[in-house]
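Ready for a few exercises? Take a look at the structure, try each task yourself, then read the worked solution.

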Amino acid sequence: MEETSREAVATAVQRVAGMLQRSDQLDKVEQYRRREARKKASVEARLKAAIQSQLDGVRTGLTQLHSALLDVKDIQGSLADVSKDWRQSINTIENLKDVKDAVVQHSQLASAVENLKNIFSVPEIVTETRELIEQAELLQAHRKLMELECSRDDLMYEQYRMDSKNTSDMNLISNYFEDVQGLSDELAKQLWMVLQRSMVTVRRDPTMLVSVVRIIEREEKIDRRMVDRKKQTGFIPPGRPKRWKDKMFEVLEGTVSTRIEGTQSVTREADKMWLVRLLEITRKYVLDDLIVVKNLMVQCFPPHYNTFNSLYHNAVSIRVTELASEDLEANEIVSLLTWVLNTYKSVEMMGHPELRSECDINQLEPLLPQHVVDDLLSKYVKTFTSNITGWLRKALETDKKDWQKETEPEADQDGYYQTTLPAIVFQMCVFVCRYREEAMAYKEEHLRDRQLPQCYVQYMIAIINNCQTFKESINSLKRKYSQSSEPTDSDAAIERTLNEVAKEGCQFLLDEVFLDLEHHLNELLTRKWLTGSHAVDTICVTVEDYFNDFNKIKKPFNQEMTSEALRRVVVEYIKAVMQKRITFKNADERREGAERMIKEADQFKFLFRKLAGEDTDRLCGAIAAIAEVFKLTDPTLLFLEVTTLVSKYPDIREEHIQALLAVRGDASREMRQMIIGTLSENKVSYSGVTQPIFKDITVPTITMTTMTTMTSMATAKLLK
């Protein structure tokens with residue numbers, strides 16, 4: 001304490017010495033003294049407050065400790081009383097064993113009384129339940145069955161609680177209710193029968209299928225309750241758990257497998273196309289069934305039962321695996337792999353529009369394991385190589401026999417001797433070119449009578465798709481078995497020829513469309529069109545109808561075909577303008593015609609966006625841009641409008657501008673010459689980057705004969 005005082009004094013001396021270092025600071029001594037006095041008073045006040053707070057806390061703590069001590073004493077007294085009472089009651093508890101046994105017996109008797117009515121009426125309820133099962137009243141039958149099972153299970157449980165080792169009483173109860181298990185089995189057979197015919201039942205009587213599912217759900221809940229009780233008591237009734245839900249899926253899986261396995265109606269010996277027919281029937285059955293499942297079946301099952309897609313997928317996988325294990329020929333391997341790798345996930349099957357909401361094809365496992373696919377490909381290559389080798393050997397043997405003939409060999413057109421061997425071998429090399437020639441001949445045959453063949457469009461689509469399949473197969477085999485990844489000249493030539501065949505096929509189909517549209521295209525930009533015509537409506541409906549079939553064309557040709565169809569429609573429309581079928585007489589006709597053109601351009605935009613989902617603004621915009629030239633009311637601004645048109649479509653030529661001005665009908669000769677002359681001097685360069693529109697559109701010229709005829713008609717009209 002003394003040391004602390006000395007330190008405080010020393011510190012104070014240092015502070016005073018610091019304050020009074022100069023003589024002028026002596027005048028402020030009194031001021032310093034008052035300031036220090038205020039600080040001291042403030043510090044003392046804080047100290048007093050802190051000490052008082054500490055004292056209050058100590059006082060409160062002592063009070064609480066005293067209260068806790070009193071509570072502890074009370075608890076000690078209570079515990080002593082409880083201990084005394086417990087010691088006195090031990091003998092009493094031992095004397096209550098008889099009461100406990102009486103309570104258990106009372107519980108059993110209460111259960112017996114509660115089930116007494118059912119116990120006495122068991123034979124009657126069994127008979128009623130069996131009749132209900134026979135009458136297919138499944139819900140009512142199951143309700144009766146649950147009553148019987150509940151009575152039996154309660155009695156057996158009470159007996160188990162009283163004496164779990166008394167098997168004689170348990171057997172007595174079990175024997176009395178022995179018909180219950182038989183009823184359960186009979187009901188189960190009815191349920192499985194309904195599930196086996198679920199595809200028929202859901203169409204005729206969906207409530208029956210719903211009843212089956214409700215019964216199975218009830219049994220699942222009872223199973224869970226019985227299993228939980230077993231964990232607590234060790235008792236479970238006979239026949240539990242039934243696991244009817246698992247059995248239901250087994251039945252459904254067996255039904256699907258049987259349906260798919262039953263699609264084979266012929267064998268290889270009876271029909272060489274047996275596998276193609278089998279796969280097509282399987283595709284149709286699976287697709288039809290899954291559409292029924294999606295539209296009808298899912299409404300009869302809870303959402304968490306969504307396993308039908310996997311059931312069919314697994315069944316199909318098992319079936320095609322069995323087919324792959326058979327001794328397939330080369331063409332059969334191609335058919336099977338094409339179906340597995342292409343058809344299965346296409347829009348013709350699992351990718352069908354009606355199944356997209358229920359089936360994600362990207363989540364489906366492969367139908368065949370990769371090693372099975374590899375084995376099939378390897379077998380195909382070996383078989384194909386063996387066939388080619390055998391075919392060449394046979395051709396060579398035939399040629400060798402010719403060598404033994406006593407007649408001279410045939411000569412070619414130049415007189416040189418030769419045999420048929422080069423021609424036979426060359427036939428295989430020129431197959432693609434021959435395929436192209438046959439496709440062309442098929443089209444020419446159709447043009448001679450457009451009613452024949454009846455499925456011309458569908459088979460032309462198949463020819464186009466065949467070209468794509470050929471390309472994919474060649475590339476697949478090359479990737480699999482070729483030592484070099486670089487394309488050879490022959491590869492490029494074959495692919496180029498196949499592309500040409502496919503594109504020509506697309507062109508043939510578009511020609512077919514535009515043959516049907518020819519009459520309606522000729523009606524465009526005529527007086528009839530101006531006064532009210534449905535030509536463009538008919539054109540759009542016809543194109544959309546054809547493209548419903550063209551959806552079966554594989555990529556990329558379907559997209560290219562849609563783009564080409566749009567280009568041809570726009571070009572034909574602009575050709576109608578350039579043919580000057582109409583000359584507008586006044587501003588009202590120009591306005592009406594321009595508005596009609598803009599409306600029809602929008603129709604084309606809507607149609608082809610719907611078909612392809614691509615940008616159609618540039619092509620359809622050409623029609624709207626020409627309409628703006630016609631719509632202009634001030635002829636003095638005509639040059640600016642034409643200049644805008646030329647800047648948007650730089651492939652437009654002078655004769656096109658002259659035809660537009662002629663159709664407009666109010667441009668004087670001087671204005672036409674001025675516009676053409678100015679555009680010629682400031683010609684916009686055409687880079688060729690954008691797709692040309694006007695390049696292939698020719699403007700008909702007036703021949704001398706036509707001019708003479710028109711002059712004669714005009715003279716006759718004037719004379720008249």
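**Exercise 1.** Leaving aside its neighbours within four places in sequence, which residues is I574 in contact with?

*Solution.* Keep in mind that this is a predicted model. Start at I574 and skip anything within four places in sequence: what's left is A622, I623, I626, I693, F694 and I697. Next, look at the wider setting. The largest nonpolar core has 85 residues, and I574 is one of those touching the most other members, along with L524, F550 and M597. Helix 22 gives the most to this core, with 12 residues. Apart from it lies another core, this one of 80 residues, including L139 and F177.

**Exercise 2.** Find S533 and work out whether it is buried or exposed, then list its polar partners.

*Solution.* First, place it: S533 is in the loop between helix 20 (527–532) and helix 21 (535–550). Second, check the accessibility. The cut-off for buried is under 20% relative accessible area, and S533 has 8%, so it is buried. Third, follow its side chain. There is a polar contact with the side chain of E523 at 2.2 Å, and the backbone nitrogen of A535 lies 3.1 Å from a polar atom of the S533 side chain. Beyond its sequence neighbours, S533 is in contact with E523, K528 and R596.

**Exercise 3.** Pick out the salt bridge of R596 and describe where the pair sits.

*Solution.* The partner is E600, with the closest N and O atoms 3.5 Å apart. Both residues belong to helix 23, and being 4 residues apart they are separated by about one helical turn. E600 counts as buried, at 3% relative accessibility.

**Exercise 4.** Compare that with two pairs that link separate parts of the chain: E219 with R240, and R568 with D511.

*Solution.* Take E219 and R240 to begin with: their closest N and O atoms are 2.7 Å apart. E219 is in helix 10 and R240 is in the loop between helix 10 and helix 11, so the pair ties together parts 21 residues apart in sequence. E219 is buried at 0% relative accessible area, and R240 counts as buried at 10%.

Now for R568 and D511, which meet at 3.0 Å, N to O. Here helix 22 is tied to helix 19, because R568 lies in the one and D511 in the other, 57 residues apart in sequence. R568 is buried at 16%, whereas D511 is partly exposed at 23%.

Methods:
Residues numbered from 1 in each chain as written. Predicted model: local features only at pLDDT ≥ 70, side-chain atom pairs only at ≥ 80, totals over all residues. Heavy atoms only, no water. Buried < 20%, exposed > 50% of the residue type's maximum accessible area, 1.4 Å probe, protein only. Polar contact = N/O pair within 3.5 Å; in protein donor to acceptor, adjacent residues only side chain to side chain. Contact = heavy atoms within 4.5 Å. Core = buried A, V, L, I, M, F, W, Y, C linked by side-chain atoms within 4.5 Å. Salt bridge = Lys/Arg side-chain N within 4 Å of Asp/Glu carboxyl O.
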